[in-house]
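Reader: I've got a model open on my screen and I'd like to learn how to read it. Could you walk me through it?

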Amino acid sequence: MKRIVVIDDEEASRETVMRILKSEGYTVETAENGWEGLLAIRAHYPGLIICDIAMPIMDGYEVLRELRSDPLTATIPFIFFTAQEMMSSARHDMALGADDYLTKPFTADELLKAIAFQETKQNALMKKFQEKIDHLQSYVTRSLPHELRTPLSGIMGASSLIRDSHKSLSEDELKTMIELIYTSAERLNRFIQNYLQFAQLAITAQNPVRLEALRKSRSELLRGKGIPSEAVISRTASEIAQEAARERDLNLVLSAAAIEILEEDLSKIVKELVDNAFKYSRTGTPVHVKSVSENNRFVLSVTDHGRGMTAGQIARIGAYMQFERDTYEQQGVGLGLEIARCLIETYEGELNIESIPGQETTVHLSLVIM
């Protein structure tokens with residue numbers, strides 16, 4: 001937070017604040033109105049912004065709204081200068097997204113304490129973020145080798161047997177070895193494809209320009225071309241149930257609805273949600289797949305009667321995250337659900353999870369019907 005942008009139309013006030021901050025080792029950029037302030041912020045991306053409210057051309061409220069609407073500046077700490085007679089609006093300022101406010105006139109000590117508080121808060125957030133990164137790195141280090149080694153071991157073991165003992169193997173034994181090689185290769189290929197797709201989706205999600213371009217091109221492609229969701233969901237869910245040898249456990253209750261989404265994307269979403277439902281529930285327990293159209297929204301729900309999750313586990317769900325893996329030995333690294341979430345969000349939809357530990361989990365997908 002060593003770079004600070006100060007926006008104030010009063011030259012004396014700007015100079016005073018700049019002198020105080022520079023004496024403490026901060027790099028300071030100043031602007032005399034909101035528009036120039038925005039230009040300075042986007043040119044330097046400071047660690048903190050201090051802004052007056054009443055200014056010509058663009059006031060402090062407009063500056064704050066612009067910053068909070070831009071993903072690149074939305075999280076920069078923002079402190080308002082507030083005149084004594086405007087103290088009643090402080091709650092309004094905070095509701096807009098301001099982090100703090102100072103009442104004019106203020107002392108150097110009050111200014112530095114307000115900045116120090118924001119620095120402490122930012123450091124705490126960064127520490128928490130770093131802890132999550134460290135946990136993720138640790139989990140990836142432990143889980144990815146397993147996901148790569150397991151199918152490779154199957155491929156290498158079976159192919160080695162064929163190479164060394166093919167003359168003594170019966171036709172049935174050869175067939176079994178070949179099936180093992182194919183199944184292992186298929187699992188490895190799916191993992192690699194999921195990994196690449198997640199990486200691409202994650203990169204797009206972090207780039208607002210790229211995300212908007214994707215949505216625009218897809219909207220033009222799909223305009224007036226809604227796909228029959230019922231047929232796609234039924235076919236995909238049935239295929240996954242067959243792969244899991246749980247056709248009898250699948251319960252479909254689908255309403256007819258044409259939605260503007262690429263068929264391959266809807267199929268991928270359904271595949272990952274239904275696959276998860278089978279993966280985390282026992283054979284013989286039902287998996288319900290239900291879709292409804294209401295209030296201009298298409299809602300798909302997938303419910304399994306497995307071990308469920310706590311609220312804390314739901315909050316921590318993300319790529320490379322599984323819970324109690326050592327106990328239950330399920331396969332995968334949690335990419336499937338995160339891919340489904342990312343895909344849904346590129347269509348400006350939502351994915352929510354409800355769960356009762358030890359009883360059931362329901363994943364809800366919601367999309368606007370165009």
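Reader: Let me jump right in: which strands does helix α12 lie across?

Author: Helix α12, residues 335-346, lies across β11 and β12. Its direction makes about 140° with β11. Keep in mind that this is a predicted model.

Reader: Okay, and what order do the strands take in the open sheet with mixed pairing?

Author: First the general idea: strands of a sheet pair through backbone hydrogen bonds, either parallel or antiparallel. Here the five strands go β7-β9-β10-β12-β11, and the pairing is mixed. At the edges you find β7 (250-254) and β11 (350-356), each pairing on one side only. From one strand to the next, the twist averages 15°.

Reader: How many bridges join β7 to β9?

Author: Five, and the two strands run parallel. If you want a spot to click on, L250 has V287 in β9 as its bridge partner. Helix α9 (residues 263-279) packs on this sheet, touching β7, β9, β10, β11 and β12. Its direction makes about 25° with that of β10.

Reader: What is the strand order in the open sheet with parallel pairing?

Author: That one also has five strands, ordered β2-β1-β3-β4-β5. Strands β2 (27-31) and β5 (100-104) are at the edges with a single partner each, so one side of each has no neighbour in the sheet. The average twist between successive strands is 20°. Look inside the sheet and you'll see β3 (residues 48-52) paired with β4 (residues 78-83) over four bridges. D52 is opposite F81 in β4.

Reader: Which helices should I look at around there?

Author: Try α2 and α3. Helix α2 (residues 34-44) packs on the sheet and touches β1, β2 and β3, at about 170° to β1. Helix α3 (residues 60-68) lies across β1, β3 and β4, and makes about 170° with β4.

Reader: Now salt bridges. How many does the structure hold?

Author: The idea is simple: side chains of opposite charge can pair when their charged atoms come close. This structure holds 15 salt bridges. One of them joins R68 and D99, at 3.1 Å from N to O. R68 is in helix α3 and D99 in the loop between α4 and β5, so the pair ties together parts that are 31 residues apart in sequence.

Reader: Are R68 and D99 buried or partly exposed?

Author: R68 is partly exposed, with a relative accessible area of 22%, and D99 is partly exposed at 22% as well. The cut-off for buried is under 20%.

Reader: Which salt bridge could I look at for buried residues?

Author: Go to D249 and R246, whose side chains meet at 2.7 Å, N to O. D249 is buried at 10% relative accessible area, and R246 is buried at 3%. There's also a network of salt bridges linking D8, E10, D52 and K104. You've met D52 already, opposite F81.

Reader: Which residues form a nonpolar patch on the surface?

Author: W35, L39 and I57, with about 370 Å² of accessible area together. W35 sits in helix α2 and is partly exposed, at 46% relative accessibility.

Reader: And zooming out, how much of the chain counts as buried?

Author: 41% of its 370 residues. Overall, the chain has 12 helices and 12 strands. Its accessible surface comes to about 20,400 Å², and 53% of that belongs to carbon and sulfur atoms.

Notes:
Residues numbered from 1 in each chain as written. Predicted model: local features only at pLDDT ≥ 70, side-chain atom pairs only at ≥ 80, totals over all residues. Heavy atoms only, no water. Pairing = 2+ DSSP bridges. Axes fitted to C-alpha atoms, helices over the stretch in contact; angles between N-to-C directions. Contact = heavy atoms within 4.5 Å. Buried < 20%, exposed > 50% of the residue type's maximum accessible area, 1.4 Å probe, protein only. Areas by Shrake-Rupley, 256 points an atom, 1.4 Å probe, with all protein chains shown as cover. Patch = residues over 30% accessible without salt bridge, like charges linked within 9 Å, V, L, I, M, F, W, Y side chains within 5 Å. Salt bridge = Lys/Arg side-chain N within 4 Å of Asp/Glu carboxyl O.
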